Each structure stands twice: as structure tokens, then as C-alpha cells.
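Student: I've got a structure to go through before lab meeting. Can we talk it over, bit by bit?
Tutor: Sure. Put it up and ask away.

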Amino acid sequence: MIMEEFEPKILGFLCRWCCDLPDLRGILETRHPPRFCSTEVICSCGANEFLVLKAFAGGADGVLVGGCLAEECRYMRDSLSARKEIAALKPLLEAIGVSSERLRLEPSSPSESAMLAEKLGSFAQTIKQLGPSPFSRRRC
Amino acid sequence: MKGDMYLAWSSDDEVVKRADSGGVITSLLKFALDSKRVDAVLAVKARDGNRYDGIPVLISDPEEMIDTAGALHCVSVNIPRCIKEYLNGASDMKLAVVGKPCDMRGIIELVKREQINLDNLLLVGVNCSGTLSPVVAKETILKEFGVDPLDVVGEEIEDGSLIITLKDGTTKTKDLKELEEKDYGRRENCRRCEVKIPTMADIACGKWGVNSRKASFVEVCSDKGAQVFDEAVRAGYINVEPPNHKAIEERKRKEQEAIESALQWQETEFAPLKNIAVEEKFDYWQRQFSRCVKCYGCRDACPICYCKDCILEADRGAIEPGELPPTIMFHLIRIAHVMDSCVNCGQCQDVCSAGIPLARLTFMLNKELFDIFKYEPGMDVESRPPLRSVTDKELTMPGVELSF
């Protein structure tokens with residue numbers, strides 16, 4: 001029996017002002033993890049506790065939130081509140097047995113997209129090592 | 001003045017006789033009503049004299065105040081929620097409220113969320129070393145003390161033991177720790193609660209430090225409280241004397257002891273939740289949550305939940321309508337919304353018909369969030385809940401200095 005290699009499902013909530021990941025695919029010809037998909041949010045704070053938890057409950061193995069640095073946020077303080085939100089969700093996930101490493105906030109800026117792509121790669125590696133999320137493990 | 005401490009007792013003999021420790025609160029509130037400083041008092045009373053059936057009562061007649069004299073340990077009414085839901089958040093009447101530290105903290109959290117008007121409130125807090133759930137209390141008294149629960153006229157939690165007073169004046173004592181190891185004794189959240197003296201209220205009263213005198217140790221914690229208290233003393237409702245050094249020390253020592261025991265309980269209660277293997281943790285909580293009957297009791301009882309249009313309602317699209325048990329999302333969303341401000345009142349767990357250890361999980365998370373945000377819920381009206389606000393200070397700090 002050939003075991004299929006586990007490819008983690010990763011959902012990205014990417015701030016429209018600083019994360020150009022989809023574009024990058026064409027320009028730099030970087031390769032994203034195969035099961036990575038992303039959605040654009042107006043600000044990283046759009047990835048609130050509800051959407052992040054829903055992503056996990058819907059079967060995501062990892063959630064990546066990309067947002068501006070606090071001082072570069074277009075909406076004054078919202079990227080900072082996103083940062084707090086994510087910091088608070090980590091203990092919650094940990095408490096119910098979902099490793100907090102599955103949720104990551106990556107500060108980024110428009111000129112750092114290539115770096116973000118690299119970070120995405122290493123994030124995918126981390127998730128790969130962790131294996132499927134307990135949410136999806138139960139489903140199968 | 002704010003920060004003043006007194007040993008105080010009521011000047012009314014009838015009140016002293018009926019109250020447990022000097023009747024200061026009863027007389028103070030009677031003065032507040034008499035002098036029209038408040039329109040009504042929200043206090044807790046034993047319904048039909050049954051100690052295990054405490055109900056919140058709204059009193060506007062000063063003569064009825066005496067019915068609420070005396071401490072009740074076997075009740076845990078939801079005072080903050082009561083003010084918010086049934087008294088319009090004290091927006092249209094001046095109210096004096098008596099309650100435990102967790103009630104006071106719940107009120108302050110609701111004040112921050114603009115659900116209660118603090119200007120109209122006079123908060124009178126009582127020291128609390130724990131409450132018992134009525135059913136457990138009856139069982140404890142019947143099985144462990146071997147007496148009829150209805151014969152009990154007073155309970156006391158003092159120096160790590162539970163003392164009950166019977167009708168004929170005799171007292172019986174049992175070690176609280178022994179009782180609690182058998183799952184009798186205080187409510188779970190009370191055991192691990194570390195806020196024993198309600199300094200966040202306007203006036204904090206308690207019997208620690210009075211050395212078995214019929215009096216209360218009063219600490220005035222705000223200017224509003226100082227004004228009312230001083231006037232009550234001047235009007236002759238309350239007798240005061242300054243506490244000596246020994247009394248203050250004694251009070252501090254007892255508080256410290258209670259806090260230490262609470263910290264121990266926190267450790268013993270959180271250890272199993274933290275030490276389950278990661279793979280089993282998810283299954284454990286899934287099993288717990290799968291008992292949920294979706295009665296929305298936890299949401300409705302929580303003093304912190306305040307949205308008029310809750311996202312957990314069937315028509316909001318977040319939770320599948322009619323699905324039982326609800327997905328784990330139901331609980332995660334609810335906990336995510338309240339965990340930064342949990343005051344450990346234990347109401348969610350009290351009302352849970354499936355016995356899910358909700359308060360334990362929420363409070364554990366709250367403690368972990370305290371390490372990140374350094375936010376103590378319900379202690380200070382000025383500090384904002386960390387997940388709902390960003391302060392100017394945080395905004396001007398460079399990213400490296402932020403620890404979250």
C-alpha cells in the first residue's frame with residue numbers, strides 16, 4: 001500500500017495592504033505549498049476569533065494571518081488588535097489540544113513579500129511535522 | 001477618606017442581634033435609604049427563611065432592610081446579570097448593591113461594556129471565603145455533620161474549616177480540606193478564587209480582624225463610599241473605632257492564607273487539564289462538549305456576555321440551527337469572547353445542565369491571558385479589556401517591546 005504523503009491544508013488571511021503572495025507566484029515564480037489557499041482581508045484584524053476558529057473547525061491544518069506592522073497599519077490600531085486576538089487564541093487552541101503552532105501571525109510589509117513566501121514555506125514544514133489537525137483527524 | 005479602615009458595628013440593637021457581625025451593612029444601607037441617597041437596595045435574602053434558597057431582592061422601604069441581615073453562604077445569585085437585565089443597568093435609579101467580590105467584579109466588567117451605569121451605584125462588598133452550592137451544602141450537612149439541614153441557623157468558613165451553628169446554639173466544625181477532597185464543601189470556583197476582599201467596591205466589609213467581637217472590619221475604598229460611610233457615622237447609624245495594629249495584621253494574615261489555599265487549588269485543578277497528552281486532550285474536550293444540550297444557559301448566565309444579538313443564535317449562521325450536540329465551535333466562540341474578562345464567578349458551570357467544566361476551562365485560560373496581557377478583570381474601571389481595545393501606550397511602543 002502506498003501511503004500518500006501528508007500535505008497540510010493551510011488557510012491564509014492576508015492583509016490586502018502588505019501581503020502580495022498570490023501575485024508573487026507569477027513574478028518570482030516561487031512555489032507555495034500545494035494545499036495553501038488564501039483570502040484577502042481588509043486588515044489583519046478581519047481574521048477575528050470566529051473566522052480563525054471556523055477555519056480550524058472546517059478542516060484547516062494551519063492558519064496563517066498576514067498583517068502590517070503595528071506602526072504601518074492603515075487603520076491606526078487594528079493590526080495591533082489582531083495581534084492581541086491571535087495571541088489570546090493560542091492558549092485557547094492549546095487548551096483543547098490543538099497545537100498553538102498551527103496558528104501563526106506574520107507581520108509583513110509590501111516590500112517583504114518574498115520573505116513572507118519563505119515564512120509560509122517554513123510554516124508549512126512545521127505543520128507537516130505536526131500532522132493533520134485533530135479537527136480533521138476526527139472526521140476521517 | 002478613601003483608604004480608611006474601621007472596626008464598626010450598628011447602633012441598632014435589633015440589627016446587631018439578627019446580623020452576624022455587627023450589622024454594619026444593614027445599618028449603612030438603611031441610612032442610605034433613609035437619607036434618600038439611593039432609591040433602592042439590591043440585596044440577597046433567604047426566601048421564607050430557608051437558608052438554601054437565597055434570592056435577590058430590591059428593597060425601597062428602610063424598615064425591610066432588617067430582613068436581609070445575616071450572611072448566607074449557600075447561595076450564589078447572579079447580581080451583575082440581575083442589574084443589567086432587570087434593573088435597566090441602573091440607568092434610571094440610584095442603587096446600592098451588596099455582593100461578593102465576584103459580583104462586584106462582574107458589575108465593573110459590565111460598566112466597562114456600558115451595560116451598567118456606575119454613577120448610580122453604591123457598591124458594598126463583603127469579604128468572601130467561599131460559597132456552597134445549596135444542594136451540596138444540604139448533602140454535606142446531612143451526611144458529614146449528621147444533622148438536619150433545616151436546623152442550621154448559620155454557617156461560617158474560618159481558618160480552613162466549615163463551622164455550622166444549630167438552632168440550639170451549638171456549633172459543629174469540620175475540616176474544609178477533608179470535605180473538599182470528598183467533593184463536598186465550597187463551589188469549585190470559590191476554592192480557587194484569590195480575590196477575597198472586594199477592594200474594587202466602594203466599601204469592603206468583613207469579619208476578618210475583628211477577633212470574635214460582634215463587629216465588622218470596614219475598609220473604605222473610594223471617595224463615594226467614604227462620603228456615605230462618614231455621613232452614616234455622623235447620623236448615628238453606625239459606631240466606629242479605629243482598628244488597632246493587631247487587627248489589621250490579622251486581617252492581612254487571613255487573606256494571605258486564603259489566597260495561598262486558592263493558589264494550591266488552582267494548581268490541583270488545572271494540572272489534570274494541562275497534563276493530558278496532547279492527542280487525548282482534544283478527545284477529552286470533544287467528549288465533554290458532546291454532552292451539551294445547547295440550552296444557552298452558560299451564555300445567559302455569564303455576567304460578561306452582553307451582546308443583544310448573539311452570534312451563537314440560530315439565525316446568525318455561525319452555528320447550525322437544530323443540531324445537537326452543537327459543534328465544538330459553539331463553546332470555543334463563547335469562551336473566546338469572554339476569556340479575557342472572566343471573573344471566576346462560576347455561574348456558567350453552575351447552570352450547565354450537562355456538568356461541563358466550563359468555568360474551570362475559562363478561568364484557566366484567563367490566568368494564561370493574564371501572563372500575556374497583565375489584565376485583571378473587574379479590579380479597575382479604568383483599564384480596558386485587552387481583546388476589545390488597544391491603548392495609546394501599546395500603540396506607541398515599538399514592536400519589539402510588545403510581548404504578545
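Student: Where does B:Asn78 lie?
Tutor: In the loop between β3 and α3 of chain B. Keep in mind that this is a predicted model.

Student: Is B:Asn78 buried or exposed?
Tutor: B:Asn78 counts as buried, because its relative accessibility is 18% and the cut-off for buried is under 20%.

Student: What does the side chain of B:Asn78 have within polar reach?
Tutor: The backbone oxygen of B:Ala301. A polar atom of the B:Asn78 side chain lies 2.7 Å from that oxygen.

Student: And which residues is B:Asn78 in contact with, leaving aside neighbours within four places in sequence?
Tutor: B:Ala301, B:Pro303 and B:Gln347.

Student: Now B:His73. Where does that one lie?
Tutor: B:His73 is in the loop between β3 (54-59) and α3 (79-86) of chain B. B:His73 counts as buried, at 11% relative accessibility.

Student: Which side chain does the B:His73 side chain make a polar contact with?
Tutor: That of B:Glu155, at 3.2 Å.

Student: What else does B:His73 touch?
Tutor: Setting aside residues up to four places away in sequence, B:His73 touches B:Gly130, B:Thr131 and B:Leu132. B:Glu155, B:Glu156 and B:Ile157 are also touched by B:His73.

Student: You mention B:Glu156. Which salt-bridge partners are out there in chain B? Start with B:Glu188.
Tutor: B:Glu188 forms a salt bridge with B:Arg192. Their closest N and O atoms are 2.9 Å apart.

Student: How accessible are those two?
Tutor: B:Glu188 is buried, with a relative accessible area of 17%. B:Arg192 is buried too, at 0%.

Student: What about B:Glu269?
Tutor: B:Glu269 forms a salt bridge with B:Arg191, and the closest N and O atoms are 3.5 Å apart. B:Glu269 lies in helix α9 (residues 245-275) and B:Arg191 in helix α7 (residues 188-191) of chain B, so the pair ties together parts that are 78 residues apart in sequence. Both B:Glu269 and B:Arg191 are buried.

Student: Which residues do shared salt-bridge partners join into one network?
Tutor: B:Glu156, B:Glu158, B:Lys207, B:Glu250, B:Arg253, B:Lys254 and B:Glu257. B:Glu156 is also one of the residues that B:His73 touches.

Student: And B:Asp103?
Tutor: The side chain of B:Asp103 meets that of B:Lys100 in a salt bridge, at 3.3 Å from N to O. Both of these residues are buried.

Student: How many salt bridges over all chains?
Tutor: 36, in a search of the whole structure.

Student: How many of them sit between chain B and chain A?
Tutor: Zero. There are seven residue pairs in polar contact between the two chains, though, with both residues at pLDDT 80 or more.

Student: Which elements of chain B supply the side that touches chain A?
Tutor: α10 (278-289), α12 (328-338), α14 (358-373) and α15 (392-396) each supply at least two residues. By class, that side of chain B has 24 nonpolar, four polar and six charged residues.

Student: How much area is buried between the chains?
Tutor: About 2,900 Å². Carbon and sulfur atoms give 71% of that area. In residues, 34 of chain B are in contact with 25 of chain A.

Student: Back to α12(B). Is that helix mostly covered or mostly open?
Tutor: Mostly covered: 10 of its 11 residues are buried. Among them are B:Phe330, B:His331, B:Arg334 and B:Val338.

Student: Now a strand. What can you tell me about B:Leu122?
Tutor: B:Leu122 lies in strand β5 (residues 121-126) of chain B. At 4% relative accessibility, B:Leu122 counts as buried. The contacts of B:Leu122, leaving aside neighbours within four places in sequence, include B:Leu95, B:Val97, B:Asp202 and B:Lys224.

Student: How far apart are B:Leu122 and B:Lys224?
Tutor: 102 residues along the chain, yet their C-alpha atoms are separated by 7.6 Å.

Student: Zoom out. How many helices and strands does chain B have?
Tutor: 15 helices and 11 strands. Buried residues make up 55% of the 404 residues in chain B.

Student: What radius of gyration does chain B have?
Tutor: 22 Å, which agrees with the value near 22 Å for a compact globule with 404 residues. The C-alpha trace spans about 60 × 55 × 40 Å along its principal axes.

Key. Residues are numbered from 1 along each chain as its sequence is written. Chains are lettered from A and ligands numbered from 1 in the order in which they are written. This is a predicted model: local features need pLDDT of at least 70, side-chain atom pairs count only at pLDDT 80 or more; totals for chains, interfaces and linings use all residues. Side-chain values use heavy atoms; hydrogens and water are left out. Helices (H or I, at least four residues) and strands (E, at least two) are DSSP runs, numbered from the N terminus. Buried means under 20% relative accessible area, exposed over 50%, partly exposed in between (1.4 Å probe, protein chains only). A polar contact is a pair of N or O atoms within 3.5 Å; within protein, one must be able to donate a hydrogen and the other to accept it, and residues adjacent in sequence count only if both atoms are side-chain atoms. Contact means heavy atoms within 4.5 Å. Buried area is the accessible area (1.4 Å probe) that two parts lose on being put together, summed over both. A salt bridge is a side-chain nitrogen of Lys or Arg within 4 Å of a carboxyl oxygen of Asp or Glu. Ala, Val, Leu, Ile, Met, Phe, Trp, Tyr, Cys and Pro count as nonpolar, Asp, Glu, Lys and Arg as charged, and the others, Gly among them, as polar. The radius of gyration is taken over C-alpha atoms; the globule rule is 2.2 Å times the number of residues to the power 0.38.
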